[in-house]
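Please open the model in your viewer and keep the selection tool at hand. This tour goes stop by stop.

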Amino acid sequence: MVMSTFSPDRDKHSFVTDIQEIRRRAREHILNGAVTEGYRGDRETVIRVLNEALATEIVCTLRYRRHYFMASGIHAQAVAQEFLQHANEEQGHADLIAERIVQLGGAPDLNPQGLATRSHAEYVEGDSLIDMIKEDLVAERIAIDSYGEIIRYLGANDPTSRRLMEQILATEEEHAEDLRTLLESLGSDGV
Ligand SMILES: [Fe+2]
Ligand SMILES: [Fe+2]
């Protein structure tokens with residue numbers, strides 16, 4: 001007879017069904033790193049979807065950087081600083097997504113070939129300061145919609161990737177709000 005070392009009280013609060021089995025599986029596939037047999041996502045699809053988000057972030061980084069260097073005119077200083085800050089934050093998002101892809105046993109797709117096709121948002125240069133802000137706002141709104149879909153897809157199957165995308169989505173919403181405020185202050189109603 002096996003004596004349990006758990007007190008009845010402790011047992012009542014334990015929700016892990018078979019800790020021995022979990023420990024055995026953890027050892028068996030140790031080279032899979034963070035991906036255990038308990039991972040409930042469709043790994044290949046999650047990696048593909050995250051690679052699309054990665055491409056989106058890179059295209060947004062490039063577009064904001066271009067706008068930063070090209071910003072000119074009477075309001076350019078403040079707007080250029082906003083473009084630069086967004087560019088750096090999009091780069092940060094790209095890095096976080098790439099890290100997560102590697103954790104899942106995938107490879108971040110950084111191939112410039114096909115980058116614009118993999119990205120959800122577009123690379124539009126824009127002619128004037130107002131055009132640039134409008135194009136950035138459109139791109140943010142595309143990211144907000146498509147990241148929302150990714151978050152709903154991940155659901156309860158990959159909470160870590162979902163939390164990451166939720167955190168990124170919150171920043172994209174701030175970006176969109178920043179841009180809307182800029183358009184307002186520059187006297188354009190965005191139409
Ligand atoms: Fe981003
Ligand atoms: Fe953004």
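The stops below run from the whole chain to the metal site, then to the helix pairs and two single residues.

**Stop 1: the whole chain**

Bear in mind that this is a predicted model. Show the chain as a cartoon. How many helices and strands are there? The chain has seven helices and zero strands. Read from the N terminus, the order of elements is α-α-α-α-α-α-α.

Switch on a surface. The chain exposes about 11,800 Å², and carbon and sulfur atoms supply 53% of that area. Of the 191 residues, 37% are buried. Now think about contacts between residues at least 6 apart in sequence: 77% of them join residues at least 24 apart.

**Stop 2: the iron ion (ligand 1)**

Select ligand 1, an iron ion, and display its donors. Which residues coordinate the iron ion (ligand 1)? They are Glu-57, Glu-90, His-93 and Glu-172. Glu-57 appears twice in the donor list, each time through OE. Glu-90 and Glu-172 also give OE, while His-93 gives ND1. The distances run from 1.9 to 2.5 Å. Along the chain, the donors follow the spacing E-x32-E-x2-H-x78-E.

Stay on Glu-90 and His-93. Both residues are buried. They sit three residues apart in helix 4, so about one helical turn separates them.

**Stop 3: the iron ion (ligand 2)**

Move to ligand 2, also an iron ion. Its donors are OE of Glu-90, OE of Glu-140 (listed twice), OE of Glu-172 and ND1 of His-175. Here the distances are 2.0 to 2.4 Å. The sequence spacing of these donors is E-x49-E-x31-E-x2-H.

Pick Glu-90 and Glu-140 together. This pair links distant parts of the chain. Glu-90 belongs to helix 4 (residues 76-103) and Glu-140 to helix 6 (residues 129-154), with their positions 50 residues apart. Are Glu-90 and Glu-140 buried or exposed? Both are buried.

Now show both ions at once. Which residue bridges the iron ion (ligand 1) and the iron ion (ligand 2)? Glu-90 does, and the two ions lie 4.0 Å apart.

**Stop 4: helix 3 against helix 6**

Color helix 3 (residues 43-70) and helix 6. Their axes are 11 Å apart, and the helices pack at an angle of about 165°. Helix 3 and helix 6 are therefore roughly antiparallel. Their crossing is left-handed.

Show side chains along the contact. On the helix 3 side, look for residues including Val-46, Val-49, Ala-53, Glu-57, Tyr-64 and His-67. On the helix 6 side, the partners include Met-132, Ala-139, Glu-140, Tyr-147, Ile-150 and Leu-154. Glu-57 is a donor to the iron ion (ligand 1), and Glu-140 is a donor to the iron ion (ligand 2).

**Stop 5: helix 4 against helix 6**

Keep helix 6 and add helix 4. Their axes come within 12 Å and cross at roughly 30°. That angle makes helix 4 roughly parallel to helix 6. This crossing is left-handed.

From helix 4, the contact residues are Ala-76, Val-79, Phe-83, His-86 and Glu-90. From helix 6, they are Leu-129, Met-132, Ile-133, Asp-136 and Glu-140.

**Stop 6: helix 4 against helix 7**

Hide helix 6 and bring up helix 7 (residues 159-185). The axes of helix 4 and helix 7 come within 11 Å and cross at roughly 170°. The two helices are therefore roughly antiparallel. The helix 4 contact residues include Glu-90, His-93, Leu-96 and Ile-97. Those of helix 7 include Leu-164, Ile-168, Glu-172 and His-175. Glu-172 is a donor to the iron ion (ligand 1) and to the iron ion (ligand 2).

**Stop 7: two single residues**

Select Pro-159, which is in helix 7. Pro-159 has a relative accessible area of 36%, so it counts as partly exposed. Add Gly-41. The two residues are 118 apart along the chain, yet their C-alpha atoms are separated by 9.3 Å.

Finish at Ile-22, in helix 2 (residues 19-28). How exposed is Ile-22? At 36% relative accessibility, Ile-22 is partly exposed. Measure across to Thr-36: the C-alpha atoms are 9.3 Å apart, with the residues 14 apart in sequence.

Conventions
Residues are numbered from 1 along each chain as its sequence is written. Chains are lettered from A and ligands numbered from 1 in the order in which they are written. This is a predicted model: local features need pLDDT of at least 70, side-chain atom pairs count only at pLDDT 80 or more; totals for chains, interfaces and linings use all residues. Side-chain values use heavy atoms; hydrogens and water are left out. Donors are N, O and S atoms within 2.8 Å of the metal (3.2 Å for Na, K and Ca); water is not among the atoms, so sites may look incomplete. Helices (H or I, at least four residues) and strands (E, at least two) are DSSP runs, numbered from the N terminus. Buried means under 20% relative accessible area, exposed over 50%, partly exposed in between (1.4 Å probe, protein chains only). Contact means heavy atoms within 4.5 Å. Accessible areas come from the Shrake-Rupley method with a 1.4 Å probe; for residues, only the protein chains shown count as cover. Axes are lines fitted to C-alpha atoms, for helices over the stretch in contact, and angles run from 0 to 180 degrees between N-to-C directions. Angles under 35 degrees count as roughly parallel, over 145 as roughly antiparallel, 65 to 115 as roughly perpendicular and the rest as oblique. A crossing is left-handed if the near helix is turned anticlockwise from the far one by less than a right angle, and right-handed if clockwise.
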